Structure formats: structure tokens, C-alpha cells
Amino acid sequence: MSDDTKISLLTPYKLGKFNLSHRVVLAPLTRQRSYNNVPQPHAILYYSQRTTEGGLLIAEATGVSDTAQGYQDTPGIWTKEQVEAWKPIVDAVHAKGGFQPNGQAPISSTETPPKPIPRSNRMDGKEFTPPRRLRKDEISQLVQDFRLAARNAIEAGFDGVEIHEANGYLIEQFMKDHVNDRTDDYGGSLENRCRFGLEILEAVVNEVGADRVGIKLSPFTDFMEAVDSNPAALGLYMVKALNKFEICYCHMVEPRMMMVIEKYETLPSLQPMRNAFKGTFLVSGGYGRENGIKAMSDNHADLISYGRLFLANPDLPKRFELNGPLNKYDRNTFYTSDPVIGYVDYPFLE
């Protein structure tokens with residue numbers, strides 16, 4: 001590989017109306033340090049540490065309503081207090097260039113809960129509360145929740161929003177046929193299962209503009225038992241449907257991250273989705289420096305998002321530029337509630 005292709009990870013990229021100085025993106029990482037679902041002052045330091053001039057950061061998954069909390073101490077953006085709490089966090093980045101209310105059941109496309117999982121997000125081995133199947137007449141309110149949350153995000157100062165339609169969350173529960181057992185307009189066929197996610201996308205695009213909207217998809221993952229019998233067809237259907245909206249980007253999780261937590265080598269590829277999508281294609285899933293460079297030079301993606309490496313290396317773009325050593329991440333502190341340990345205490349290069 002020649003030197004000019006080796007630098008491709010650190011070359012500029014025009015993302016719609018945004019001029020990025022490099023292609024190393026902070027992936028959205030749940031950190032569970034937003035007490036009572038309100039972003040905290042320590043997040044100002046966390047995000048500003050990982051900011052570079054012209055760099056793209058995707059904030060952690062953020063709840064659109066009080067029914068949207070999958071884990072403890074995750075941030076929301078449905079109240080004025082939360083919007084105000086996000087503002088100094090966003091400003092700091094720009095300056096450098098059961099958790100259900102009233103004990104009700106969580107909502108889903110089904111009434112069947114997933115099996116307990118051995119290790120994830122402070123929920124080791126816990127039984128999941130059986131969900132309540134969302135009624136068809138309630139779906140429009142959920143769409144409105146996403147629309148208003150997008151508006152609130154822009155009010156808080158964010159440059160745009162990424163709709164989380166991946167990793168076993170509500171929208172993906174509708175998409176995947178192992179979970180979705182509905183018999184109405186939102187179940188059965190591929191078109192019906194994708195309807196909910198596309199209605200949310202349309203509402204958000206109409207609210208804040210397509211140039212401010214990205215979407216995250218993970219057709220191949222089986223996190224929280226969100227499995228589909230034909231993930232390649234699901235991914236391809238979705239990216240083709242996205243094309244008509246002309247959104248800012250599509251963010252796709254690699255097939256090798258089937259379990260989200262661990263990495264596997266696997267035959268399926270995102271390349272057909274990359275080829276079909278007409279906009280910016282962003283990929284995540286166990287990338288390092290060299291295979292990130294290779295993905296760029298092979299035209300597999302336009303941008304690469306990094307999770308665990310960026311978590312442990314707040315100056316990751318600089319380390320990649322210098323081919324410097326990387327801090328090792330400590331999985332034990334990913335989801336602790338401490339405002340410092342495992343959060344803002346990873347060292348920078350000298």
C-alpha cells in the first residue's frame with residue numbers, strides 16, 4: 001500500500017454541508033453516567049477530550065421519551081432540563097473546533113422478553129421485564145417523540161441527529177423477524193417491518209432537514225436476540241429506502257460484530273449496501289488503524305467510527321496520524337457510574 005493511500009483515514013471529507021478534517025469518527029457509546037437521565041457536567045470534559053477541529057463525534061444513545069430508557073443513567077432529550085444540560089456539552093465540543101415511568105412495562109413489537117444475558121451494561125444475569133406489544137394507534141405518538149427529540153437536539157446546539165435503528169433497540173425490534181411477531185401493517189413482510197423506522201426517519205427529516213440526519217443500522221447483529229432470517233436483504237432494503245430521503249449518512253455495523261461485544265470473522269459483507277447507498281457510508285465494528293485504512297482504500301466506506309479505541313484514547317486521530325501506541329481499554333469500567341474512572345482518566349500521548 002502506498003503512502004498516499006495510508007493517509008486516507010486522516011484526509012478531509014465533505015459530509016453534506018460539514019467539512020470534516022479527517023475520517024476517524026467517535027462512535028455513539030452508552031456510558032451510563034447521566035444520573036436521573038440528565039447529562040452531567042463531567043460529560044463536558046469527556047466529549048471535549050475527544051474533540052478535534054473538524055472531527056465528527058456521535059453522542060451516546062439518547063432517550064426520546066421517559067419510556068425510552070433501556071439502561072440506568074442514560075441521557076434523555078425530552079425535557080427542557082435535559083436540553084439545557086446538553087448545551088454546555090455541545091458548546092465545549094464546538095469550542096474546540098426497570099427504568100420505565102410508574103413501573104409500566106417496556107414497549108416492543110412483541111410481548112416476548114429476551115433471555116437473561118451474562119454480561120452487559122450493569123445488567124448481569126437479570127431477568128428482563130416482559131414487554132408490552134405497542135398498539136397500532138400508539139405508533140404515531142412514538143414517531144412524534146422522535147420528531148420532538150430531534151427538534152430538541154437542534155435547540156441544544158447539536159449539528160444533527162443520528163436515529164438509532166440498531167443494536168436491539170425498539171426500531172430494530174420492529175425490523176427483525178425473530179422479534180417482530182405482529183400481524184398488522186407493522187409486521188410480517190419486510191416492507192411492513194421496516195415501516196416504523198422509515199416513518200420515524202421521514203418525520204425527523206421533515207422536522208430538522210435531511211442534511212442534519214443520519215441513521216444507524218445493524219442488520220447482522222443479534223444483540224438482545226434481535227435476529228433476522230435474511231439480514232442481507234434487510235440491510236439492502238433499508239439503504240435503498242434511505243436513498244429517497246437524501247440523508248446525511250448511513251452508519252452500518254459490520255457483520256463481524258454479531259454479538260456487539262465480541263468480534264468474529266464472518267463471510268457476509270456490507271459491500272452490497274455500500275454499493276446501493278447513494279450518500280456517505282459510515283462503518284463501525286472492531287476497526288483498528290490498519291484495517292480502517294484498508295477499508296478506505298478499498299472504497300468499502302467513506303468514514304470509520306471507533307468505539308472502544310476512542311473511549312480509551314481521547315486523542316485517537318493523533319495517535320493514528322503518528323502511528324503511536326494505544327491505551328488498552330478496561331471493559332470493567334465501561335458502564336460504571338463513576339464520573340472519572342474509566343471515563344475521563346485515560347491518558348493522552350505525551
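This report walks through a sheet and some helices in a predicted model.

## The sheet as a whole

Let's start with the sheet. Six strands make up an open sheet, and reading across it you meet β3, β10, β9, β8, β7 and β6 in that order, with parallel pairing. At the edges sit β3 (residues 24–26) and β6, each of which pairs on one side only. Neighbouring strands here are turned against each other by 25° on average, ignoring direction.

## β6 and β7, side by side

Take β6 at the edge. This strand is mostly covered, with 5 of its 5 residues buried. V161, I163 and E165 point one way, E162 and H164 point the other way, and all of them are buried. That fits a general habit: in a regular strand the side chains alternate between the two faces of the sheet.

Next door is β7, which spans residues 213–217 and is also mostly covered, 5 of its 5 residues being buried. V213, I215 and L217 point one way from this strand, while G214 and K216 go the other way, and again all are buried. Between β6 and β7 there are 5 bridges in the parallel sense. Two of the pairs you can look for are E162 with G214 of β7 and E165 with L217 of β7.

## On to β8 and β9

On we go to β8, residues 249–253. This strand runs parallel to β7 and is joined to it by 4 bridges. If you want a spot to zoom in on, K216 has H251 of β8 as its bridge partner. To get from one strand to the other, follow helix α7 (residues 231–243): β7, α7 and β8 together make a right-handed β-α-β unit.

β8 also pairs with β9 (residues 280–284), in the parallel sense and over 5 bridges. Here Y249 stands opposite T280 of β9.

## Helix α4 and what covers it

Now for a helix. α4 covers residues 139–155, 17 residues in total, and it reaches 25 Å from its first C-alpha to its last. That is close to the 24 Å expected at 1.5 Å a residue. Just after α4 comes G157, which takes a positive phi of about 110°.

Which residues of α4 are buried? They are I139, L142, V143, D145, F146, A149, A150, N152, A153 and I154. And what covers them? The cover includes helices α3 (80–95), α5 (170–175) and α6 (190–208), along with strands β4 (107–108) and β6 (161–165).

## How α4 meets α6

Two packed helices are described by the angle between their axes and the distance between the axes. For α4 and α6, the angle is about 35° and the axes are 9 Å apart. Their crossing is right-handed. On the α4 side, the contact is made by I139, L142, V143, F146, R147, A150, R151 and I154. α6 brings F196, E199, I200, A203, V204, E207 and V208 to that contact. Several α4 names may look familiar: I139, L142 and F146, for instance, are among the buried residues of the helix.

## A stop at E84

One last residue to visit is E84, in helix α3. Is E84 buried, exposed or partly exposed? E84 counts as partly exposed because its relative accessible area is 35%, which falls between the 20% and 50% cut-offs. Compare its position with that of Y71: the two are 13 residues apart in sequence and 22 Å apart in space, going from C-alpha to C-alpha.

Terms used:
Residues numbered from 1 in each chain as written. Predicted model: local features only at pLDDT ≥ 70, side-chain atom pairs only at ≥ 80, totals over all residues. Heavy atoms only, no water. Expected span 1.5 Å × (residues − 1). Buried < 20%, exposed > 50% of the residue type's maximum accessible area, 1.4 Å probe, protein only. Contact = heavy atoms within 4.5 Å. Pairing = 2+ DSSP bridges. Right-handed = clockwise from strand over helix to strand, strands pointing away. Axes fitted to C-alpha atoms, helices over the stretch in contact; angles between N-to-C directions. Left-handed = near helix turned anticlockwise from the far one by under 90°.
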